[in-house]
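Welcome! Please take a moment with the sequence and the 3D structure below before reading on.

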Amino acid sequence: MAHPGWPRLRADDWTPTRETVHMWTQIIGKIRMAHAPMLNHWWQVTLYVTPRGLTTSMIPYGRGAYDIEFDFLEHRLHIRSSNGTSAFVVLGAKSVAEFHSEVFEALGRLGIEASIRGIPNEVDPAIPFAEDHQHASYDPEAIALFWQQLVQSDRVLNEFRSRFRGKASPVHFFWGGMDLAYARFSGREAPTHPGGVPNCADWVMVEGYSHELSSCGFWPGGGDEGAFYSYSYPEPSGYAEYVNDADGAAYNNDGRLYLLPYENVRTASDPDRMLLRFLQSTYEAAAKTGHWDRAALEADPARWRRGRQGQQSGPGDGSPFGRRSLRAE
């Protein structure tokens, strides 16, 4: 069964485009990293899904700010400054080296200086951006389908996020692995991460995994059509055997994570429900085997509805509280 908004996109059908755009997102993410203040777990370097593509969100610069957005409908990279100026780079079949040059020329026209480490992370081989003429593909139809995958995944991941009151990450796009991710934290420190990720300093991973977490997300390069994943760091005893899911989720011993094929979700009678079931069951595997304080960390996302039903005055009764409640909805 096919559902509107959950597109079919075979991983093998757009590998050259995916690898090229992966390098483009690394360039833009590194530009954000050059100016954004450091946050825990590298949350200041990520991109975010928008109704048109992926954005850096606002990046501080001097006494102003700018943002950069991949528009996968118009197929342009937009750069917008708080001083009212803007520039764009056309997204098309061009090399990583050409894209790199055009982006920095556009920043220069806006008076924005940025210095980045011009070598990609988490890939091997790591071709310097300015020398990468190997990756030069751009299939606009495939990119539009990929963006729709991100929109659907982001929407459901944010619904899942609403069930947790403890420390949690935004739903964001990590350009190192090219995956959309969300993490929950137990509140306890984690053992030092061993590192070992290709072309990524070990101390980077130590910062990213400084505290116990349960992480989940969507990776477009896994399986026939990509895959949803979930893992725990550190992995508690019994975690790998905890989930026995008839939806097709399985524990992958090589990656030490649970995987649910994207196509299983896409073709389900209720894709949202299947994905939420996977996210909840794998989180519970981490929380129960890891002895998290679930009573303190979890929340009922429908609590505002009960509060609204129980209040004596409501929207439209003329009270300031009622008017604020209406706007909040």
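Here is a short briefing, grouped by topic.

The model you are looking at is predicted. One part to find is an open sheet of six strands with antiparallel pairing. Another is the largest nonpolar core, which has 90 residues.

**The six-stranded sheet**

- Following the sheet across, the strands come in the order S7-S8-S9-S10-S12-S11.
- Strand S7 (172-174) and strand S11 (250-252) stand at the edges, and each has a single partner strand, so one side of each is left without a neighbour in the sheet.
- On average, neighbouring strands of this sheet are turned by 35 degrees against each other, direction ignored.
- Within the sheet, strand S9 (residues 211-219) pairs with strand S10 (residues 227-233) in the antiparallel sense, over seven bridges.
- To see this pairing for yourself, look for leucine 213, which stands opposite tyrosine 233 in S10.

**Helices against the sheet**

- Helix H3 (residues 140-161) packs on the sheet, where it touches S7, strand S8 (179-189), S9 and S10. The direction of H3 makes about 25 degrees with that of S8.
- Helix H6 (residues 271-289) lies across S8, S9, S10 and strand S12 (257-261). H6 runs at about 15 degrees to S10.

**The hairpin of S5 and S6**

- Strand S5 (residues 76-81) and S6 pair in the antiparallel sense, with five bridges between them.
- Arginine 76 has valine 90 in S6 as its bridge partner.
- Four residues lie between the two strands of this hairpin, and glycine 84 takes a positive phi near 95 degrees there.
- Strand S6 (residues 86-90) has two faces: Ala87 and Val89 are on the covered one, while Ser86, Phe88 and Val90 are on the uncovered one.

**Helix H2 and its surroundings**

- Does the length of H2 agree with what its residue count suggests, and what span should its 14 residues have at 1.5 Å a residue? They should span 20 Å, and the end C-alpha atoms are 20 Å apart, which agrees.
- The buried residues of H2 are Val96, Ala97, Phe99, His100, Val103, Ala106 and Leu107.
- Among the elements covering these buried residues are helix H1 (15-35), strand S4 (64-71), S5 and S6.
- Glutamate 105 also lies in H2 (residues 96-109), and glutamate 105 counts as partly exposed because its relative accessibility is 47%.
- The C-alpha atom of glutamate 105 is separated by 19 Å from that of valine 21, and the two residues are 84 residues apart along the chain.
- Just after H2 comes glycine 111, with a positive phi of about 75 degrees.

**The nonpolar core**

- Inside the largest nonpolar core, the residues with the most contacts are Ile28, Ile31, Phe70 and Phe99.
- Helix H6 gives the most to this core, with nine residues.
- Which residues does isoleucine 28 contact, leaving aside its neighbours within four places in sequence? They are Leu47, Thr56, Ile68, Phe70, Leu77, Phe99 and Val103.

**Cysteines**

- A disulfide is a covalent bond between the sulfur atoms of two cysteines. This structure holds zero disulfides.
- Cysteine 200 counts as buried because its relative accessibility is 12%.
- Cysteine 216 is buried as well, with a relative accessible area of 4%.

Notes: Residues are numbered from 1 along each chain as its sequence is written. This is a predicted model: local features need pLDDT of at least 70, side-chain atom pairs count only at pLDDT 80 or more; totals for chains, interfaces and linings use all residues. Side-chain values use heavy atoms; hydrogens and water are left out. Buried means under 20% relative accessible area, exposed over 50%, partly exposed in between (1.4 Å probe, protein chains only). Two strands pair if DSSP finds at least two bridges between them. Axes are lines fitted to C-alpha atoms, for helices over the stretch in contact, and angles run from 0 to 180 degrees between N-to-C directions. Contact means heavy atoms within 4.5 Å. A disulfide is a pair of cysteine sulfur atoms within 2.5 Å. The expected span of a helix is 1.5 Å times one less than its number of residues. A nonpolar core is a set of buried Ala, Val, Leu, Ile, Met, Phe, Trp, Tyr and Cys residues joined through side-chain atoms within 4.5 Å.
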